[in-house]
Structure formats: structure tokens, C-alpha cells
Amino acid sequence: MVNSKLFRNFALEKERNGMYDVKKVREDFPILTREVYGRPLVYLDNGATTQKPRQVVEAMVDEYYNVNANVHRGVHFLSQQATDLHEASRETVRGFLNAQSTSEILFTRGTTESINLLAFSFGEAMVKEGDEVVVSTMEHHSNLVPWQMMCERKGAHLRVIPMTDEGVLRMDALEELLTERTRIVCVTQMSNVLGTVNPVKDIIRMAHEREIPVLVDGAQSVPHMRVDVQDLDCDFFAFSGHKVYGPTGVGVLYGKEEWLDRLPPYQGGGEMIQTVSFEKTTYNGLPYKFEAGTPDYVATHGLAKALDYVRGLGMEQIEAHEQELMRYALERLEGIEGMRIFGLPLTSCSSPLAPNRGAVISFLVGNIHHLDMGTLLDRLGIAVRTGHHCAEPLMRRLGIEGTVRASFALYNTKEEVDVLVEGIERVRRMF
Ligand code: PMP
């Protein structure tokens, strides 16, 4: 009863929002027509990377064929045109995140590099022996290991926000973890394993009451929901292009200007300098101080096209579509014998308008090893991910070695959920 009411609310919401036509949208993604092992591909590994629409790939091919030249350094026509595209992409990212200024948008190779940059620079400037860095139980290794490395260098300590068995962060425990020794809080907006959407706005408010800055890992949230860094009031925000329908090799670190101004560069080289002599180097202004070397200017252009693409469909519409898929998938999966789903069950999901669970579902069935399940589903054309999902401490907390993970994107359909469910049933019967 509860579920059908949820679906009805969703249908109403969909009508109001003017949903996109998924069948038509799929035509933008040529790879989705592929067959694997003679079966139509059902791609449910979007948490690892998303497929690319023509609009992104064609813009990049066009740039290589018709514009290519190194950016920022040339007086000639092509170099200026390439620079214009690159800087226009920075403006697109600024608008997408609603940052105040393009000085706050640093291009990196991805979330991992963004966090390594911050952990190094922030550590150098702000962290001393005995200080503390707060992370959560559900962090991806990318938002854990760089901080651990920095803590080791500086003699600082990691503190970890615990979570409930359903994968919800314990805000009461966070309250106690924030002390005068805390230098920064680093937390994911959405778990790549559990799908939990964390209350980052509340976390930021709590940290700011104690003048502690917050980094939000947006690798999993940016593809699924509207992000407004001014509304969140986060101090830093990281995401990867390839998880939001853009190319590999490009990502973003957003930082408030007042913070970035205070932090030292991460890497030295071309572009990040103002003047260089053998005695002394002075650094360029923002954002270039943090962008040593030739950037992947074709990928930044591709990223901008990807962000234009998702904005064209509407982040609210994408979120509504994926929430409906996730609810449908949870309902069907929960009906499978021996099914164990990690993260919030369907009955605990809050209103569709304020979701606290994104479209990522991790599960195990009976005693079937996650690798066996993944391998057999693959033979049915279903691409899922198996293993620890770069979150070993979270696996330890859950008392397991790994899970099977189905992660959804704007182009997935209920029919694909049905194929997944039938596939799992088939594997289950084999064991
Ligand atoms: N954080 C989270 C939550 C992620 O899911 C991932 C990718 N799985 C990363 C960080 C790292 O992203 P990338 O490999 O693109 O740097």
C-alpha cells in the first residue's frame, strides 16, 4: 500500500516536471545498442563510469580535428580559440555548481586528484601535530587515503563518523567528534556502495558553528541531483567528469576563494607561475596557481558539453526518473528469496522530493559469492560491479568482503530492472 502511494506521488510529480523521453534519450548513447554474448547490453555499472552521449564525443572529435592547439600560451588563432573553449568550460562548471566565481573552479584529472590536491595543500598550510581530520565510515578510498597520508606526514589523526546498520551517518556522534582539534571534515554526499545521501548541509552547518571547513566528495551525487555549492555552503567540493556523462581524465575541485587564496600550490610547473628565477618563484593567481602543466583542454570542453546535456534534460527530471527506477528496483529485489540489500530499505526511504537514498543498490543473495553473481549476470548481458567498491573499511563495518552493485543512470529503464531481477533469479536457481 505504502509503495503504490509512493509511485502515484511520483507519477504526479513526473507530469508536473515534464519528464524526458527515455527511449529518445537512449538514442544519444550509441553504446547502449550493443550486444554482449549475443544479448542486449544492460549497463548497470554507472557508479563506476557513465556512458557518453554523442554530443560529448562529437564536440571532442571536432575540437581535435578543427581547433587543437595548446591553451593560454599562444598568440595565434587556434590557441586563442582553444583557450576560449577551455575557459568557457570553466564558466559552464561554475554555473553548474553555482559557484560565485570561475577563480573557484580548479580543473583536475578527477575526484581522486582533486582530493589529493586539497589534502596536500590544506595539510601544508593548516594542519599541525595532534590535529584531527574527520571522515565518515562510508568514504571511498579516494576520500580517505589522501587524508591518511597527510595525517601521517603531519602527525595528525583521523576520526571517523560512525553509521547505523542501515548505512545512515550518526549525527549525534559527529557532534562529539567536532572539537577544537578538528581541522577539516571530509564527507561524501552520496555513498557509492549504499546509495545513502548524507545530510551534508547539516554537517556543514554543524562544522561551521565551530569554524571548521568541509570538503564534500560529490563523485556520486553530481550525476544524480542538483548541487548548489553556495546553498550547501561547503568550502570544497570534488567531482569527476566521467561519472557525469563526460570524458575520462577531467574533474573539478571547487574551493571558496578565501580558502584557495590561503593554500599553497600542489604541483609546480608551467602555467602556475607568475615569475621564475633560480632564486625564487612567485605564483600565478587563481585558479591557475593550482593548474600546473598543460590541462586536458579537450576533456574540459567535453565535460562542459556533458553538463549542458544533463542540464538540458533537467537535474530534477533525472533525479525523479532515477528515484522511480530505484524504488521499483528495490521493491522487486526485496522480493527475491535470500536477498540481502545494504543501505536503506524501500520502507525507510523518505519522500520522493527529499530522497535520502540514491540510485545505487548493493546486495548479496544467499551464500552466492558476489564475484560468481557478477560473472554469471555478465553472461546474461548485465553489467554490474562486484567487490569492495574501494570502500574496504565500510565492508569491514558491514562484516562482508564485497557486494554486487547495480547503479542506475538517466538512460536506464524499468525493463532493464526486470532483466536484472530475472537474471538474479536464474543465478539463484543454479546454486
Ligand atoms: N569518491 C566516490 C564516492 C566515488 O564513487 C569515486 C569513484 N568510484 C571516487 C571518489 C573516485 O573517483 P575517480 O576515480 O573518478 O577519481
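Start with His72, in the loop between helix H3 (54–66) and helix H4 (77–97). The model is predicted. Check the backbone here: phi of His72 is near 70 degrees, a positive value in a residue other than glycine. Most residues other than glycine have a negative phi, and most peptide bonds are trans. His72 is partly exposed, with a relative accessible area of 26%.

**More backbone stops**

Select Asp233 next. This residue sits in the loop between H9 and E9. Its phi is near 65 degrees, again positive in a residue that is not glycine. With a relative accessible area of 34%, Asp233 is partly exposed.

Now go to Leu286 and Pro287. A cis peptide bond joins them, with omega about 0 degrees. Pro287 belongs to the loop between strand E12 (281–283) and H11.

**Nonpolar cores**

Which residues touch the most other members of the largest nonpolar core? Select Val93, Leu97, Phe237, Phe239, Tyr245, Leu303 and Leu410. The core has 76 residues. Helix H11 (residues 297–313) supplies the largest share, nine residues.

Centre the view on Leu97. Beyond its neighbours within four places in sequence, Leu97 is in contact with Ile105, Val227, Asp228, Val229, Phe237, Phe239, Val252 and Tyr254. A second, separate core holds 31 residues, including Leu330, Ile341, Ile361 and Ile424. In soluble globular proteins, nonpolar side chains tend to be buried together.

**Salt bridges**

Switch to charged side chains. The count comes to 27 salt bridges. Side chains of opposite charge can pair when their charged atoms come close.

Pick Arg226 and Glu316. Their side chains meet in a salt bridge, 2.8 Å from N to O. The pair links distant parts of the chain, 90 residues apart. Arg226 is in the loop between strand E8 (214–217) and helix H9 (229–232), while Glu316 is in helix H12 (residues 315–334). Glu316 is partly exposed, at 36% relative accessibility.

Move to Lys256 and Asp235. The closest N and O atoms of this salt bridge are 3.5 Å apart. Lys256 lies in the loop between strand E10 (251–255) and helix H10 (257–262). Asp235 lies in the loop between H9 and strand E9 (236–240), and the two residues are 21 residues apart. Are these partners buried or exposed? Both Lys256 and Asp235 are buried.

Then select Asp418 and Arg332. Their salt bridge spans 2.8 Å, N to O. Asp418 lies in helix H15 (residues 414–430) and Arg332 in helix H12, so the pair ties together parts that are 86 residues apart in sequence. Arg332 is partly exposed, at 30% relative accessibility.

For a network, select Glu175, Asp202, Arg205, Glu209 and Arg210. Salt bridges that share partners join these five residues into one network.

**Cavities**

Turn to enclosed space. A search of the whole structure finds two cavities of 30 Å³ or more.

The largest cavity holds about 60 Å³ of space. Show its lining: Val197, His224, Met225, Glu319, Glu322, Gln323, Pro355, Arg357, Gly358 and Ala359. By class, that lining has four nonpolar, three polar and three charged residues.

The second largest cavity holds about 30 Å³. Its lining is Asn46, Gly47, Thr50, Gln220, Pro223, His224, Lys243, Tyr245, Phe408 and Ala409. These divide into four nonpolar, five polar and one charged. His224 appears in both linings.

**The second largest pocket**

Now find the second largest pocket, with about 440 Å³ of space. Which residues are the closest to its centre? Select Thr112, His140, Ser142, Lys243 and Cys390, out of 28 that line the pocket. Helix H5 (111–126) and strand E16 (385–387) each supply at least two lining residues. H5 gives the most, with four residues. The lining divides into five nonpolar, 16 polar and seven charged residues.

**Last stop: Ser407**

Finish on strand E17 (residues 403–407), which contains Ser407. Ser407 is buried, with a relative accessible area of 2%. Show its contacts: Leu44, Asp45, Asn46, Gly47, Ala359, Val360 and Asn412, not counting residues up to four places away in sequence. Some of these contacts were met earlier. Ala359 lines the largest cavity, and Asn46 and Gly47 line the second largest cavity.

Key:
Residues are numbered from 1 along each chain as its sequence is written. This is a predicted model: local features need pLDDT of at least 70, side-chain atom pairs count only at pLDDT 80 or more; totals for chains, interfaces and linings use all residues. Side-chain values use heavy atoms; hydrogens and water are left out. Buried means under 20% relative accessible area, exposed over 50%, partly exposed in between (1.4 Å probe, protein chains only). Contact means heavy atoms within 4.5 Å. A nonpolar core is a set of buried Ala, Val, Leu, Ile, Met, Phe, Trp, Tyr and Cys residues joined through side-chain atoms within 4.5 Å. A salt bridge is a side-chain nitrogen of Lys or Arg within 4 Å of a carboxyl oxygen of Asp or Glu. On a 1 Å grid over the protein atoms alone, a cavity is a set of points where a 1.4 Å probe fits but cannot get out, and a pocket is an open set with protein on both sides within 12 Å along at least five of seven lines; lining residues have an atom within 4 Å of a point. Grid points are joined across faces, edges and corners, and a volume is the space filled by probe spheres set on the points. Ala, Val, Leu, Ile, Met, Phe, Trp, Tyr, Cys and Pro count as nonpolar, Asp, Glu, Lys and Arg as charged, and the others, Gly among them, as polar.
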